[in-house]
Amino acid sequence: MLEIQDLTKQYGKYLAVDHVSFTVPGGQVGILLGPNGAGKSTIIKSIAGLLRYQGGVGIEQMPARTMEAKRIFAYVPEIPSMFDALTVREHIEYVRRAYNSAITEEEIHDLLARFELEDKQEKLGNELSKGMMQKVSICCALAIKPKVILLDEPMVGLDPAAIKELKDVILELKEQGVTILISTHMLEMVKELWDVMFIMERGKIIGSFTREQAKDADIEELFFQITGGGEAQ
């Protein structure tokens, strides 16, 4: 479960996030949407622990700032960042050791194979394309074996095969009871994935739906109906 409780973030006199609260239940996929400047990026960075904020973020009913919560939380940023002097395989090994992950060698091999990185294992971080860096970032997050995972625009830069594989992985994680929050503007990419939807505007949640509430309504129609036609960020 991922819980956002009365989260507020202010830059000087500017209120970027205004007392936002929402919950993604355990084993469900939530999507966070919003027009440009809605505060979505601030929410994401707050959840990931990259910003100071007021309010609370709960990971499996633990405060997000605790080590216990950090050990079971994974984050795939919009812009991946690699260590220049580490190979692809060394990035995964670094994460495995840092989190004391129980991932096996066989599971690492399968992960690299799924994202077509088997023959790229010895490439250094500064030799990778944007798409390859994104794949490595995803593999590193999955190597933690998280209970809660946040993916920020995870499909940007991926080729069609990798997008399909990531969708399959997300559905598999859901079946395993992992809680997932996806921030994206690529609405068509998450049509078959989402369980709960949160739409932000001007620092607040202005609309939320469960798939049951939406029934057969199109995700894009719901978004534009709530925002009045603004572009998804």
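**Two sheets, two pockets and a few single residues**

Let me begin with one residue, Ser137, which is buried, since its relative accessible area is 8% and a residue counts as buried when that value is under 20%. I should say straight away that what we are looking at is a predicted model, so please keep that in mind for everything that follows. Ser137 sits in helix α5, and, leaving aside residues up to four places away in sequence, Ser137 touches Val76, Pro77, Pro80 and Met82.

A second buried residue is Leu112, which belongs to helix α4 and has a relative accessible area of 0%. Which residues does Leu112 touch, if we do not count those up to four places away in sequence? They are Val88, Arg89, Ile92, Leu117, Glu118 and Gln121. If you take Ile92 from that list and look along the chain, you will find that Leu112 and Ile92 are 20 residues apart, while their C-alpha atoms are separated by 9.8 Å.

Now let us turn to the sheets, and I will take the six-stranded one before the other. This is an open sheet with mixed pairing, and its strands come in the order β6-β7-β8-β3-β9-β10. At the edges stand β6 and β10, the latter covering residues 204-210, and each of these two pairs on one side only. As you go from one strand to the next, the twist averages 15°. Within this sheet, strand β3, residues 29-33, and strand β8, residues 179-183, run parallel and are joined by four bridges, and if you want a pair of residues to find on the screen, look for Ile31, which stands opposite Ile182 in β8.

Helices pack on this sheet as well. Helix α1 touches β3, β6, β7, β8 and β9, and its direction makes about 135° with that of β3. Helix α6, for its part, lies across β3, β7 and β8, and runs at about 145° to β8.

The other sheet is also open, with four strands in the order β2-β1-β4-β5 and antiparallel pairing. Here β2, residues 14-24, and β5, residues 62-63, are at the edges, and each has a single partner strand, so one side of each is left without a neighbour in the sheet. The partner of β5 is strand β4, residues 54-59, and the two pair in the antiparallel sense over two bridges, with Ile59 standing opposite Met62 in β5. Helix α1, which we have just met on the six-stranded sheet, appears here too: this helix, residues 40-47, lies across β1, β2 and β4, and runs at about 115° to β1.

Two residues in this four-stranded region deserve a careful look at their backbone. Asp6, in strand β1, has a positive phi of about 50° although it is not a glycine, and Asp6 is partly exposed, with a relative accessible area of 40%. His19, in strand β2, likewise has a positive phi of about 50° without being a glycine, and His19 is partly exposed with a relative accessible area of 48%.

Let me finish with the pockets. The largest pocket holds about 910 Å³ of space. Of the 33 residues that line the largest pocket, those closest to its centre are Phe73, Ala74, Tyr75, Tyr99 and Ile144. Which elements supply at least two residues each to this lining? They are α1, α2, β6, α3 and α5, and among the contributions the most comes from α3, with four residues. By class, the lining of the largest pocket divides into 23 nonpolar, six polar and four charged residues.

The second largest pocket has a volume of about 450 Å³, and 15 residues line it, with Glu107, Leu142, Lys145, Leu173 and Gln176 lying nearest its centre. Two or more residues of this lining come from each of α4, residues 105-114, and α6, residues 160-175, and the largest share, four residues, is given by α4, the helix in which we placed Leu112 earlier. How does the lining of the second largest pocket divide by class? It has seven nonpolar, two polar and six charged residues.

Key:
Residues numbered from 1 in each chain as written. Predicted model: local features only at pLDDT ≥ 70, side-chain atom pairs only at ≥ 80, totals over all residues. Heavy atoms only, no water. Pairing = 2+ DSSP bridges. Contact = heavy atoms within 4.5 Å. Axes fitted to C-alpha atoms, helices over the stretch in contact; angles between N-to-C directions. 1 Å grid on protein atoms, 1.4 Å probe; cavity = no way out; pocket = protein on both sides within 12 Å on 5 of 7 lines; lining within 4 Å. Points joined across faces, edges and corners; volume = space filled by probe spheres on them. Nonpolar A, V, L, I, M, F, W, Y, C, P; charged D, E, K, R; others polar. Buried < 20%, exposed > 50% of the residue type's maximum accessible area, 1.4 Å probe, protein only.
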